[in-house]
There are 2 protein chains.
Amino acid sequence: MADGRPSAAISGENLLFLTDEQLRQGIEAMFFAYRGFTADPDRILTDMAYGRAHHRAIHFINRAPGTTVNNLLNILGVTKQSLNRVLRTLIADGLVESRVGRIDKRERHLYLTDDGRLLEGRLSDAQRARMRAAFRDAGPEAVAGFRQVLEAMMDSEMQRAYTRLKESGT
Amino acid sequence: MADGRPSAAISGENLLFLTDEQLRQGIEAMFFAYRGFTADPDRILTDMAYGRAHHRAIHFINRAPGTTVNNLLNILGVTKQSLNRVLRTLIADGLVESRVGRIDKRERHLYLTDDGRLLEGRLSDAQRARMRAAFRDAGPEAVAGFRQVLEAMMDSEMQRAYTRLKESGT
DNA sequence: CTTGGAATGTCAACAAGGCTGACTTAAACT
DNA sequence: AGTTTAAGTCAGCCTTGTTGACATTCCAAG
């Protein structure tokens with residue numbers, strides 16, 4: 001905590017990073033950054049009559065192949081009707097395959113087809129490129145802080161979903 | 001592009017934070033965190049038949065009182081038709097006031113009314129509370145990193161808008 | 001075994017909020 | 001006088017959220 005910052009210490013600790021002005025800047029940073037975050041995939045998607053919802057579905061199906069619709073629902077946080085519409089077009093277009101569950105025939109297990117994986121690659125390449133540039137510009141320390149703050153900002157339920165995904169990867 | 005597992009130690013530097021897996025975690029963190037970021041204001045808004053678009057307009061009018069419609073358009077990155085629909089309801093409901101410009105009478109300058117400021121306060125209190133908790137949990141170093149990465153992720157145009165706002169405050 | 005409830009997924013219809021395009025009005029600029 | 005600019009409007013489209021109604025499947029209690 002011994003920092004060489006301007007030392008207008010409030011109540012003994014430096015809490016300048018918690019002023020309303022700092023928080024507001026954080027809020028605006030979040031708003032503008034999210035626009036950048038989605039801009040590149042959005043451009044690819046509109047060329048093919050898809051939207052952000054399709055991207056999200058494709059991303060998480062790729063991340064966890066064989067996931068059920070219900071599972072995906074919890075991760076995406078939308079109604080099943082909303083997801084279903086997106087899924088229907090993806091299946092009709094041959095990007096996603098839906099297999100009836102072997103154990104429980106009520107469930108549908110979702111997989112990307114070859115075409116689906118191709119689109120997934122295009123989308124995440126674009127998104128990763130921007131993230132990579134931002135990470136490189138900011139450096140490893142900043143990236144650690146970035147992830148720490150984002151994780152603290154999630155609802156606890158999403159925190160768990162995020163951690164589960166994080167640990168399943170690698 | 002997506003070269004699987006790139007380059008653990010390129011030229012003796014630790015670039016582990018740039019692996020595809022790390023980038024993907026960053027992407028997912030961004031997705032889940034943004035949900036949390038908007039969750040609290042959204043709850044307040046749906047109670048009064050408003051949406052996120054109204055919140056954004058209110059936020060930036062409060063941030064820069066007297067801003068013109070065109071100005072707001074550039075910051076929000078939507079079409080004037082889209083903004084107009086939102087603005088019309090806010091003005092009709094007496095939350096926003098639109099004054100004809102004194103110098104240039106074509107322009108409309110936008111201000112929050114007392115009621116508008118009241119709602120703005122409720123919304124940003126909710127949003128700031130979450131941001132404050134996240135910032136406090138993560139600590140000042142992390143917050144600096146968070147802001148650094150977000151800024152690097154913006155389109156350059158938005159980066160300028162963000163900086164301008166940042167410098168106008170305080 | 002049957003039946004009723006719970007879980008899962010599908011279909012239909014509606015609303016919010018993006019978008020484009022065409023147009024008007026008023027003021028400012030040249 | 002003619003052009004450009006700022007703002008607003010109307011119409012219509014698309015994506016993506018919502019509810020409500022419904023079909024299918026599973027499972028457990030009677």
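The two protein copies meet through the same surface, because 96% of the interface residues of chain B are also interface residues in chain A; contact here asks for C-beta atoms, placed from the backbone, within 7 Å. Before going on, a word on the model: it is predicted, with local features needing pLDDT of at least 70, side-chain atom pairs counting only at pLDDT 80 or more, and totals for chains, interfaces and linings using all residues. Residues are numbered from 1 along each chain as its sequence is written, while chains are lettered from A and ligands numbered from 1 in the order in which they are written.

Back to the contact: 57 residues of chain B and 57 residues of chain A take part. On the chain B side, helix 1 (20-46), helix 5 (114-138), helix 6 (140-153) and helix 7 (156-168) each put in at least two residues. Helices (H or I, at least four residues) and strands (E, at least two) are DSSP runs, numbered from the N terminus. Helix 1 of chain B gives the most, with 17 residues. By type, the chain B side splits into 32 nonpolar, 10 polar and 15 charged residues. Here Ala, Val, Leu, Ile, Met, Phe, Trp, Tyr, Cys and Pro count as nonpolar, Asp, Glu, Lys and Arg as charged, and the others, Gly among them, as polar.

As for symmetry, a turn of 180° and a shift of 0.0 Å along the axis lay chain B on chain A with an RMSD of 0.2 Å. That is the relation of a two-fold axis. The superposition is by least squares on the C-alpha atoms of residues with pLDDT of at least 70 in both copies. Within chain B, the residue closest to the rotation axis is Phe146(B), its C-alpha at 1.8 Å.

Next, the DNA. A residue is near a strand if its C-beta atom, placed from the backbone, lies within 6 Å of it. DNA strand C has 24 residues around it, and Val69(A), Gly51(B), Ala53(B), Val78(B) and Thr79(B) come nearest. Two or more residues apiece come from helix 3 (69-76) and helix 4 (80-92) of chain A, along with helix 2 (52-63) and helix 4 (80-92) of chain B. Helix 4 of chain A has the largest share, five residues. This surface comprises six nonpolar, nine polar and nine charged residues.

Around DNA strand D there are 25 residues, the closest being Gly51(A), Gln81(A), Ser82(A), Lys105(A) and Asn70(B). Helix 2 and helix 4 of chain A each give two or more residues to this surface, as do helix 3 (69-76) and helix 4 of chain B. The split is five nonpolar, 10 polar and 10 charged.

Chain A also holds an open, antiparallel sheet of three strands in the order 1-3-2, pairing being set at two or more DSSP bridges, that is, at least two. Its edge strands, strand 1 (67-68) and strand 2 (96-100), each pair on one side only. Two bridges link strand 1 of chain A to strand 3 (residues 108-112), and Thr68(A) stands opposite His109(A). Helix 2 (residues 52-63) of chain A lies across strand 1, strand 2 and strand 3, at about 95° to strand 3; axes are lines fitted to C-alpha atoms, for helices over the stretch in contact, and angles run from 0 to 180 degrees between N-to-C directions.
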